[in-house]
Each structure stands twice: as structure tokens, then as C-alpha cells.
Amino acid sequence: MQNAASSALVVAGWHRMSYTYEDSNLISQELETHIRKIHAIVGNAVTHKRFIVFGAGSTQLLNAAVHALSPDNSSSPARVVASIPFYPLYEKQTVYFQSADFQFEGDISVWKNSSDTSMKLVEFVTAPNNPDGQMNKAVLKGPNTKPIHDHAYYWPHYTPITAPADGNLMIFTTSKLTGHAGSRFGWAVIKDQSVYQKMKRNIRVWTQHNEEPLGKLSNTISLSNRFTLQQIPPQYCTFSHKVRASSPAFAWVKCGREEDINCYEVLKAAKIIGRAGRIFQGEDEYVRLSLLRSQDDFDLLIHRLSKLVSEENGPKTM
Ligand SMILES: Cc1ncc(COP(=O)(O)O)c(C=O)c1O
């Protein structure tokens with residue numbers, strides 16, 4: 001703060017930035033170097049031989065981490081847990097980005113003494129913790145438990161730095177380092193290359209949001225006599241100076257059969273979890289499906305929907 005008045009962050013007017021850099025990475029080498037440098041100066045994290053992923057605040061990375069540490073397309077989703085008291089966003093975000101691969105379970109104490117070591121668990125470990133400032137440590141042990149070390153506050157102005165943190169997956173943010181929460185600047189330090197690749201892929205999907213999802217979904221639903229989708233006519237866009245289709249974040253699906261009294265239940269039976277129309281004061285014949293999901297989740301949604309549509313006239317016999 002000593003030089004606050006004389007410091008500045010300047011972006012030249014000619015400077016352009018793509019989503020990616022020459023090496024097709026989402027983070028510049030320069031930024032990566034500076035992140036490693038600040039950890040070396042502060043001594044709060046090991047970054048040697050670690051991968052670094054940049055995200056829109058640590059919030060985005062926390063969810064990318066849950067995705068990356070959960071099994072893909074497994075019949076038993078990972079349970080996401082934390083020690084009480086924990087930062088409420090862990091629950092809110094995990095529930096919001098509902099997935100077949102994980103579910104929020106909350107209180108870790110239920111699992112602490114569990115003899116079932118086959119259960120896949122993702123544990124948020126927050127040090128220092130929000131709200132109580134404790135230097136939490138991972139509670140769960142075992143091959144199927146994966147911690148996410150949230151070190152948002154592991155900086156000397158909040159806590160003594162006792163040793164460089166060396167977790168497999170650690171998350172930091174400038175929100176708490178310098179107080180620039182609105183700039184949405186977070187990063188993850190990751191040991192394992194496969195986890196790094198998965199995190200990178202998740203962030204890439206969310207960063208490069210495109211117009212494809214509703215189109216793909218509507219191709220699948222167009223083969224159905226049972227389900228329909230909202231129709232949003234293309235309109236002239238004064239911003240892009242052309243007629244263009246909408247790319248909504250949600251599909252508003254309608255079940256058309258008389259016997260489909262509750263569309264949410266119909267889709268749920270096919271392992272497609274949406275939000276019932278009634279949550280939005282709509283009718284039970286509607287369900288909202290989120291299109292803002294990772295590529296894997298979206299592919300799974302299309303797969304399950306295609307199966308449901310193909311069985312409309314009774315299950316197929318091979
Ligand atoms: C423990 C913890 N982690 C993460 C965050 C979110 O940080 P960001 O602004 O980087 O998304 C907060 C914000 O309050 C927090 O308390």
C-alpha cells in the first residue's frame with residue numbers, strides 16, 4: 001500500500017488478446033512466470049514442476065477442480081464434502097452445476113469414519129478457512145479421496161506462512177491477495193498432469209462458450225414426437241449487424257404426451273436431471289435443462305436424450 005498512489009496498471013490501446021496464446025494455452029508464459037515468482041518471494045506454495053491453470057476468479061477454478069477430480073461417467077458419482085464451518089459457495093456452486101459425475105454431500109464428519117473406502121470423495125480443504133481462519137488440513141485419507149486446497153487467504157497479511165503449501169491441487173486468487181475481486185483473477189497449482197489436462201479442458205469449454213449447445217439439442221429433439229423445445233426466432237442484432245439466432249443458457253423442454261404429467265420425473269427416469277417448471281412458476285409439463293456445462297456432461301445429456309427419443313415407440317430390440 002506504500003506506493004499505491006504512484007502505481008498503475010496500464011493496457012495499451014493497441015493491445016489485443018485472443019482466448020489463447022501461440023502455444024494454444026489459456027495462460028501467457030509471462031503471467032505464469034510472475035505467478036511462480038510471487039509464490040517464490042512469499043514462500044507460500046511450491047510451484048516447481050507444477051502446472052498452472054488460470055481462471056476467472058478462483059470460483060471458476062473450484063468448480064473446474066470438482067469436475068476434474070470426479071470420475072467420468074461412473075455409476076457412482078463423487079461425493080463433495082467439507083469440514084464445517086465451510087464457505088457456502090462450495091455448496092451453492094456444486095449444486096448449481098449439477099452433474100452426473102458428482103453431488104454435494106456437505107458435512108465431512110459423516111464420511112470420516114466410514115469403512116467404505118471405495119466411495120469417491122472430493123474434499124474442500126480451506127486454509128486459512130473462511131469463516132473461522134483455521135489452517136484446515138485434509139481430513140479424509142485413502143486412494144479414492146481427492147482434496148482441493150483452497151488457499152485464497154494463504155498470504156502473510158492473513159496468517160503466518162509456516163511452510164510452502166504443497167497440495168496436489170491448490171487454488172489462489174488476487175481477490176484476497178491484493179483486493180481485486182472484480183478483476184476475476186485466480187489460478188490453480190497442480191501436481192498431476194492428467195488433472196491439469198482435465199482442468200484446462202473444463203476452463204476452455206466455459207471460456208469459449210459457443211452457440212452450438214441449443215442447436216445440437218434441438219437436432220436431437222426434432223426427431224421426437226414427445227418432446228419440444230422453446231422456439232426463439234432469429235432477429236436482427238444491432239450489435240453484430242446481422243440476423244442471428246439466440247444462444248440461450250437453458251433449454252426449456254416440454255413433454256407433450258398426456259400421460260407425461262410431470263416432465264421432470266420423465267426425464268429423471270432417463271437420468272436427465274433438470275429443474276422442474278414449477279420452480280419457475282411454470283407448468284409441470286416443462287423442465288429447464290442447463291446448457292452451461294462441461295463438454296463431457298453435455299455429450300452425456302445428448303446421449304441420454306437420444307436414447308429416450310429412440311425409445312419413444314417402445315424399447316428397441318437388438
Ligand atoms: C475461501 C474462499 N475461496 C474462494 C473465494 C472466491 O474468490 P474469487 O473472487 O477468486 O472467486 C472466496 C471469496 O470470498 C473465499 O472466501
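**Close-up views of a predicted model**

**View 1. Arg 184, a residue with an unusual backbone angle for this figure set to start on.**
With 15 C-beta neighbours inside 10 Å, Arg 184 counts as partly exposed. Keep in mind that everything you see here is a predicted model. Why does Arg 184 count as partly exposed? The label follows from its 15 neighbours, because a residue needs 20 or more to be called buried and 12 or fewer to be called exposed. Now check the backbone: Arg 184 has a positive phi of about 50°, even though it isn't a glycine. To find the spot, look in the loop that links helix 5 (174-177) to strand 7 (185-190).

**View 2. Gln 281, another non-glycine with a positive phi.**
The phi of Gln 281 is positive too, at about 65°, and once again the residue is not a glycine. Buried or exposed: which word fits Gln 281? Exposed, because Gln 281 has 6 C-beta neighbours inside 10 Å, and the cut-off for exposed is 12 or fewer. Gln 281 sits in the loop between strand 12 (275-276) and strand 13 (286-290). The two strands on either side of this loop run antiparallel and are joined by two bridges. For one of the partners, trace across from Ala 276 to Val 287 in strand 13.

**View 3. The four-stranded sheet that includes strands 12 and 13.**
Zoom out a little from Gln 281, and you can follow an open sheet of four strands. In what order do the strands come? Reading across, it goes 8-11-13-12, and the pairing is antiparallel. Strand 8 (227-229) and strand 12 form the edges, each with pairing on one side only. In general, the strands of a sheet pair through backbone hydrogen bonds, and the pairing can be parallel or antiparallel.

**View 4. Strand 4, wrapped up on both faces.**
How many of the six residues of strand 4 are buried? Six of the six, so the rest of the structure largely encloses this strand. Leu 121, Glu 123 and Val 125 are buried on one side, while Val 122, Phe 124 and Thr 126 are buried on the other. Strand 4 also has parallel partners: four bridges link strand 4 with strand 2, and six bridges link strand 4 with strand 5. Two residue pairs help you get your bearings. Arg 79 stands opposite Leu 121 in strand 4, and Val 125 stands opposite His 149 in strand 5.

**View 5. Two cis peptide bonds, each leading into a proline.**
Which residues does a cis peptide bond with omega of about 5° join? Ile 84 and Pro 85 are the pair. Pro 85 belongs to the loop between strand 2 (78-82) and helix 3 (89-96). The bond between Ala 127 and Pro 128 is cis as well, with omega of about -10°. You'll find Pro 128 in the loop that runs from strand 4 (121-126) to strand 5 (145-150).

**View 6. The residues around the ligand.**
Here's who surrounds the ligand: Gly 57, Ser 58, Thr 59, Tyr 87, Thr 126, Asn 130, Asp 150, Ala 152, Thr 173, Ser 175, Ala 181 and Gly 186. You've already met Thr 126 as one of the buried residues of strand 4. Which element gives the largest share of this shell? Helix 2 (residues 57-69) does, with three residues. By chemistry, the shell splits into eight polar residues, three nonpolar ones and one charged one.

**View 7. Where the two domains touch.**
The chain divides into domain 1 (19-207) and domain 2 (212-310). Their centres, taken over C-alpha atoms, are 31 Å apart. At the meeting point, nine residues of domain 1 are in contact with eight residues of domain 2. The domain 1 side of this contact has five polar residues, three nonpolar residues and one charged residue. As for the record, UniProt (an unreviewed entry) places the feature "domain: Alliinase C-terminal" at residues 2-205 and 216-309. Over residues 2-205, the chain is 27% helix and 20% strand, with 40 Å between the end C-alpha atoms.

**View 8. Stepping back to the chain.**
The chain has nine helices and 13 strands, and its C-alpha trace spans about 70 × 60 × 40 Å along the principal axes. Of its 318 residues, 28% count as buried.

Note on methods
Residues are numbered from 1 along each chain as its sequence is written. This is a predicted model: local features need pLDDT of at least 70, side-chain atom pairs count only at pLDDT 80 or more; totals for chains, interfaces and linings use all residues. UniProt positions are given in the numbering used here, feature names are shortened, and annotations may be inferred rather than shown by experiment. A residue is near a molecule or strand if its C-beta atom, placed from the backbone, lies within 6 Å of it. Ala, Val, Leu, Ile, Met, Phe, Trp, Tyr, Cys and Pro count as nonpolar, Asp, Glu, Lys and Arg as charged, and the others, Gly among them, as polar. Domain bounds come from an automatic or database domain assignment. Two residues are in contact if their C-beta atoms, placed from the backbone, lie within 7 Å. Two strands pair if DSSP finds at least two bridges between them.
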